[in-house]
Amino acid sequence: MKKLKRGKVHLALDVNGEVQEVAFAPHKTLLEVLREDLRLTGTKHGCELGECGTCTVLLDARPELSCLVLGLECGGRKIVTVEGLQDLPAEASAKAGGARPHPLQQAFAELGAAQCGYCTPGILCAAKALLEEKPRASRDEIREALSGNLCRCTGYLKIYEAVELAARRMSDETKKA
Amino acid sequence: MRQKKLNVVGTSVRKIDGLSKCAGVTLFADDIVLPRMLFCKIHRAPVPHARIKRVDTSKASKSPGVLAVLTGRDLPVPFGILPVSQDEHALCLDKVRFVGDPVAAVAALDEDAAFDAMNAIEVEYEPLAGIFSPEDALATPEPRIHDYGDEGNVHKKVALEFGDVERGFREADEVLEDVYFYQGNTHLPMEQHAAVGWVDPDGKVVVWSSTQTPHYVHRALAKVLGMPPARIRVIACPNGGGFGGKSDPFGHEIVVAKLALLTGRPVKVCLTREEVFYCHRGRHPVLMRVKAGVRKDGALTALHFQSLLDGGAYGSYGVASTYYTGALQTVTYEVPRYKFDGVRVFTNKPPCGPKRGHGTPQPRYALEIHMDKIAERLSIDPAELRLAHLVPPNSLTANYLRVGSIGLRACIEKVVEASGWKGKFRKLPRGRGAGLACSSYLCGAGLPIYWNAMPHTGVQLKLDRGGGVCVFCGEIDIGQGSDTVLAQTVAEVLGVDPYDIRVVYGDTDLTPVDLGSYSSRVTLMMGNAAIEAAERAKELLAKAVSEKLKVPLTRLDFAGGRVFDVENPETGVAFAEAVVLAEAKFGTIGTVGSYTPPASAAKFKGSGVGPSPAYSYTASVVELSADPETGLITVHKIWIAHDVGRAINPVLVVGQVEGGVYMGLGEALMEEQVFRANRNGVHKIPSMLEYKSPTTMEMPDVETILVEDPDPNGPFGAKEAGQGPLLPVVPAVANALYDALRVRVDEVPITPEKVLKALRSKDRRFGPKGYPSIPMPDPIRVKPPWEGGTGAPETGEYLRTWTS
């Protein structure tokens with residue numbers, strides 16, 4: 001077998017609040033770096049051409065298609081994937097007696113908004129960005145915010161309901177606090 | 001033991017894997033990473049029809065990082081999902097039959113290296129004439145795409161007649177005839193197909209795959225690899241959407257197993273989105289001619305249905321698809337005499353197969369528009385017309401389908417009421433319209449794909465001393481929630497919390513066979529098997545508890561995690577203690593259950609397709625606007641009522657209904673799998689951007705009404721929900737368009753261009769002009785039950801087996 005020559009870049013990436021050093025081929029997309037080099041397979045792919053929204057992650061709190069961003073571009077930026085969506089960071093969870101899902105994750109599971117679950121990580125990221133910007137997003141605003149994410153199972157309706165339920169719960173929590 | 005009220009069945013418990021899916025923890029096939037894993041890429045034919053003159057892999061073999069290269073010679077044994085269509089090779093041997101046919105494969109250290117090596121494979125092709133339409137296929141018997149089939153490039157001809165339809169037409173007051181076309185479309189699951197092959201040093205092969213049918217993949221692997229099935233294990237990963245597109249065994253699943261055998265290392269393949277479009281196996285394009293005789297009151301006197309299916313390059317499920325385009329026309333409205341002619345041809349395009357509704361959305365679309373035209377001709381409200389002629393419950397149709405419960409009356413009445421139909425139909429201003437349609441679907445096929453007398457599904461239970469219950473079943477959750485249905489069913493019988501149940505699924509080593517997640521069979525068949533297994537475990541526990549508590553067996557109930565005396569509820573034991581008592585008395589507690597559908601009354605060849613233990617029913621009303629200037633259609637709202645028998649988990653059932661509505665709407669308005677005949681048969685739009693599917697911006701509001709008419713054959717009365725609700729949406733859109741603009745578009749998808757063409761045509765119609773004259777064999781003639789028939793053919797062949 002002829003040897004493979006693979007030059008790799010070495011970079012520190014801030015993923016889900018943890019800074020991790022990673023080496024990867026410079027042409028790799030953020031999607032590939034996350035899935036293949038950091039083993040964060042929660043982020044899925046549907047086309048790898050920027051057409052379906054499945055690979056959406058948060059980059060500095062904005063939803064981005066990780067298949068259209070080079071890993072190289074992400075140094076110094078805050079990357080959040082589905083694995084980092086839970087309610088509290090791991091340390092705080094441990095102190096609070098256990099990890100808790102994000103209200104969006106909880107609502108999606110309860111209302112059947114995740115059927116096959118494949119588009120779900122991307123939609124959760126897009127929905128989180130929306131609710132951070134507009135905690136009382138209307139149905140139309142939800143539709144618009146998720147219009148770049150295809151889902152073939154649900155017809156989107158349960159997804160809207162889950163985002164609305166999560167928004168209500170988050171606003172109740174805020175009021176209590 | 002006594003009948004008790006249901007505690008778990010009928011409640012919308014959160015899916016047992018719901019939070020895992022939302023946490024991104026669920027492992028799909030492409031998420032599997034094994035040490036030393038290699039990556040596979042497959043070279044696919046760039047030409048639609050050609051002899052393979054030479055495959056040169058020498059450059060690919062020397063490409064950096066390459067460990068193995070395969071060609072068709074390495075896997076010469078054919079396979080296919082149906083025993084009568086063993087016409088595929090994992091990699092083509094002598095011929096390629098469509099752009100995208102797999103020809104050679106490589107395994108390399110990483111995906112990029114595999115990609116480079118794939119591109120270094122050189123293939124010399126000797127082109128053959130390409131066939132791109134059914135008309136071409138009928139006119140061009142040579143060269144043949146396959147050397148089997150009924151004749152030339154005709155794969156299959158089916159002719160069945162139940163009663164004398166000509167007599168029926170003579171007795172009619174009106175005879176209406178029309179031609180319809182349903183364009184092909186594809187599943188477009190969000191997850192691309194992926195598989196990992198591995199062989200351990202002791203010689204056992206393991207294949208993980210995003211498949212809906214691990215059992216059939218197991219059989220195909222054993223056949224092609226020439227290995228005993230006992231040495232092969234197939235593990236189905238949760239599917240990131242299936243819709244029928246992952247129901248065939250695929251070449252890539254066999255290729256990674258072979259590459260693993262050759263290299264001794266795990267090998268992964270993940271198809272690109274473009275490859276998924278070419279793998280296809282989706283909805284057949286079908287041209288249909290419908291001739292219906294009716295009396296003035298709308299009663300059908302006879303129905304003659306003809307369908308011409310464009311099968312693409314391989315058999316796949318096509319023989320079954322052909323029969324399905326003629327099977328279910330009889331289960332909604334009474335059809336006293338029925339004739340069906342079906343023809344499937346081969347063309348040099350990606351193979352068609354089963355997509356949600358398998359072979360029935362096309363004829364249902366044609367029939368429901370035809371009913372709308374009949375209603376208009378007779379000046380009867382389309383809802384009233386249907387209500388007046390429904391098939392009665394517990395009856396036998398002309399083609400010997402046994403209908404059990406039928407909740408269609410309630411479905412129609414409820415959508416009519418909810419939608420305000422009576423105030424809308426033919427009463428809305430020009431440009432706005434309402435349309436209605438109905439449908440029915442199977443709850444699993446009555447006969448297995450390969451002929452055998454064994455059960456269609458099996459469930460095994462293992463009870464733990466701590467009160468945990470482990471359920472083993474070969475079913476695979478493709479998003480429909482079958483794992484949760486299984487847990488709820490067992491939890492109901494044993495009176496435990498569904499979250500105390502662990503489901504082990506889709507593993508040919510660990511789980512009893514379930515034939516797969518197709519034909520809407522899982523809830524009914526697996527559910528019945530699960531009830532049987534759980535009842536058997538319950539019996540053991542009850543005996544032990546009865547002895548311990550000195551309470552008669554008949555007074556014991558299982559609920560709330562306890563086993564107790566119904567007349568004295570404080571007297572009882574915890575479920576875990578009941579297991580301990582039973583294990584002490586009987587030994588390790590493990591039980592099994594299985595399910596085989598009831599035998600069909602029919603005995604004629606072809607009667608293997610259509611019978612089902614039960615039929616679900618659906619009615620839908622669509623309200624839309626259609627702009628006469630642009631042809632653009634905006635759907636405002638869809639009302640849908642679905643007879644699910646009993647909703648085991650209402651949230652999941654509504655989810656299936658809404659998903660079906662969504663997919664039906666996509667088929668009605670925009671989705672089409674089309675090819676460029678003038679450019680070698682390449683896919684016109686093999687990308688998610690250009691293959692239009694509804695986004696959040698196109699999806700209208702949907703009001704779902706569940707009708708629960710329990711069927712005696714269903715577990716707790718349950719019927720299916722995964723496929724049926726797609727069916728009425730497509731014709732309801734077409735009928736609503738007619739109500740809005742008084743134009744008929746007898747062809748889907750109904751694009752703005754077609755609406756404008758219809759508006760500008762003299763007959764205010766856009767659609768196929770005719771149906772070709774195809775010589776058909778003498779039909780198999782079977783007298784309907786009401787003419788004294790027994791289900792046996794008067795003339796023509798008897799049902800033997802699939803292989804006959």
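This is a short walk through a predicted model, starting at the interface of chain A and chain B and ending inside chain B.

**Stop 1: the interface**

Colour the two chains separately and select the residues of each that touch the other. You should pick up 52 residues from chain A and 60 residues from chain B. Putting the chains together buries about 4,400 Å², and carbon and sulfur atoms give 58% of that area.

Now turn on the polar interactions. The rule finds 27 residue pairs in polar contact across this interface, with both partners at pLDDT 80 or more. Six salt bridges also turn up between chain A and chain B. For one to zoom in on, pick R35(A) and D31(B): they form a salt bridge whose closest N and O atoms sit 2.8 Å apart.

Which elements of chain A give two or more residues to the side that touches chain B? Select α1 (30-37), α3 (103-110), α4 (120-133), α5 (139-145) and α6 (157-176) of chain A. Of the elements, α3(A) makes the largest contribution to that side, with five residues. If you colour the chain A side by residue class, expect 22 nonpolar, 15 polar and 15 charged residues.

**Stop 2: helix α10 of chain B**

Hide chain A if it gets in your way, and select residues 361-378 of chain B, which make up helix α10. How far apart are its end C-alpha atoms? They are 25 Å apart, which agrees with the 26 Å that 18 residues should span at 1.5 Å a residue. Add a surface and you'll find this helix mostly covered, with 16 of its 18 residues buried. Step just past the end to S379(B), where phi is positive, at about 55°.

**Stop 3: R386(B)**

Next, go to helix α11 (residues 382-388) of chain B and pick R386(B). Is this arginine buried or exposed? R386(B) has 0% relative accessibility, so it counts as buried. Show what surrounds it, skipping neighbours within four places in sequence: the contacts of R386(B) include E368(B), M371(B) and D372(B). Also in contact with R386(B) are Y333(B), I412(B), L436(B), A437(B), C438(B) and N735(B).

**Stop 4: T71(B)**

Finish on a strand. Select β3 (residues 66-71) of chain B and look for T71(B). With a relative accessible area of 16%, T71(B) is under the 20% cut-off and therefore buried. Beyond its neighbours within four places in sequence, T71(B) touches V55(B), T57(B), L91(B), V103(B) and A104(B).

Notes. Residues numbered from 1 in each chain as written. Chains lettered and ligands numbered in written order. Predicted model: local features only at pLDDT ≥ 70, side-chain atom pairs only at ≥ 80, totals over all residues. Heavy atoms only, no water. Contact = heavy atoms within 4.5 Å. Buried area = accessible area lost by both parts, 1.4 Å probe. Salt bridge = Lys/Arg side-chain N within 4 Å of Asp/Glu carboxyl O. Polar contact = N/O pair within 3.5 Å; in protein donor to acceptor, adjacent residues only side chain to side chain. Helix = DSSP H or I, 4+ residues; strand = E, 2+ residues; numbered from the N terminus. Nonpolar A, V, L, I, M, F, W, Y, C, P; charged D, E, K, R; others polar. Expected span 1.5 Å × (residues − 1). Buried < 20%, exposed > 50% of the residue type's maximum accessible area, 1.4 Å probe, protein only.
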